[in-house]
Amino acid sequence: AYLRGRQLMVNRRSDELEQALTEFRRATRLDPDFALAWVGVADAAQLAASYGTLDYAESMGIRQEAVDTAIGLDPELGEAHLAKAQLMSARGLDADAQYQRAIELSPGNATTYHWYANYLRESPAGLPRAVELLRHALEIDPLSSIIRRGLVGCLAMQGRYAEAQQALDRLLELDPDFPNHEPDPALKETVEALGARVLEEKADLGVAFDGDAWSLLGGGVNGS
């Protein structure tokens, strides 16, 4: 159940994220003392709210219980401290030290560097360090599409478009079916993808929702 849950989270598809949460919960029922399964519950709840339809407030409650349980079972588990850092970040708290603690405890976990990079990229000053972390994460897990997609975004945010294109080309070479970006109507990628699809399908209207359907983007017949 645990390994299946991890696999289901790879592509960030909403239906698979809901299944992942179910699998992790099943793992905790099979072994209530399996700390990593509780971390899986927290991770899946986080992603299901970001990319899927899980209510945000509900996900926060699930994550808090799962993080507390995981750390209670294994206080030195780096993955549990990473889940705690993610929860702190979601609440607008300073999570920098918590991310660093997670790295200290699990230096070989690529996801730790990935999610720490996501935290740092919120500030322009943090982008160079975020790129370093993502490159290191790819050294650990060179086949991770979601990490490579994060690198593309960070490079583009710095105006390093040639490097971003190179990273994107590599991503498409390794995983051509990977979703092209997170479901956010505010992203330039979403606007461009929707406009292109409207023109391709010769549709009168195209609509793109965000992960929890709280906002949407409309595209007209001319692709704009």
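1. Arginine 135 is partly exposed, with a relative accessible area of 36%. I start from this residue, bearing in mind that the model is a predicted one. Its side chain meets that of glutamate 163 in a salt bridge, at 3.2 Å from N to O. Because glutamate 163 belongs to helix H10 (residues 161-174) and arginine 135 to helix H8 (residues 127-140), the pair ties together parts that lie 28 residues apart in sequence. Glutamate 163 is likewise partly exposed, its relative accessible area being 30%.

2. Elsewhere, Arg4, Glu23 and Arg26 are joined into one network by salt bridges that share partners. The structure holds nine salt bridges, and the next two points take up those of this network.

3. One of them runs between glutamate 23 and arginine 4, whose closest N and O atoms are 3.5 Å apart. This pair links distant parts of the chain, since glutamate 23 sits in helix H2 (residues 14-30) and arginine 4 in helix H1 (residues 2-8), with the two positions 19 residues apart in the numbering. Are the two partners buried or exposed? Glutamate 23, with a relative accessible area of 14%, falls under the 20% cut-off and is therefore counted as buried, whereas arginine 4 is partly exposed at 45%.

4. Glutamate 23 also forms a salt bridge with arginine 26, and here the closest N and O atoms are 3.7 Å apart, a value that lies within the 4 Å cut-off for a salt bridge. Both residues lie in helix H2, three residues apart, which is about one turn of the helix. Arginine 26 is partly exposed, with a relative accessible area of 41%.

5. A separate matter is the packing of two helices, for which the angle and the distance between the axes are the usual descriptors. The axes of helix H5 (residues 78-90) and helix H6 (residues 96-105) come within 8 Å and cross at roughly 165 degrees. Because angles over 145 degrees count as roughly antiparallel, H5 is roughly antiparallel to H6. The crossing in which H5 passes H6 is left-handed.

6. Which residues make this contact? On the H5 side they are Gly78, His81, Leu82, Lys84, Ala85, Gln86, Met88 and Ser89, and on the H6 side Gln98, Tyr99, Arg101, Ala102 and Leu105. By class, the residues of the contact of H5 with H6 comprise six nonpolar, five polar and two charged.

Definitions and conventions. Residues are numbered from 1 along each chain as its sequence is written. This is a predicted model: local features need pLDDT of at least 70, side-chain atom pairs count only at pLDDT 80 or more; totals for chains, interfaces and linings use all residues. Side-chain values use heavy atoms; hydrogens and water are left out. Helices (H or I, at least four residues) and strands (E, at least two) are DSSP runs, numbered from the N terminus. Buried means under 20% relative accessible area, exposed over 50%, partly exposed in between (1.4 Å probe, protein chains only). Axes are lines fitted to C-alpha atoms, for helices over the stretch in contact, and angles run from 0 to 180 degrees between N-to-C directions. Angles under 35 degrees count as roughly parallel, over 145 as roughly antiparallel, 65 to 115 as roughly perpendicular and the rest as oblique. A crossing is left-handed if the near helix is turned anticlockwise from the far one by less than a right angle, and right-handed if clockwise. Contact means heavy atoms within 4.5 Å. Ala, Val, Leu, Ile, Met, Phe, Trp, Tyr, Cys and Pro count as nonpolar, Asp, Glu, Lys and Arg as charged, and the others, Gly among them, as polar.
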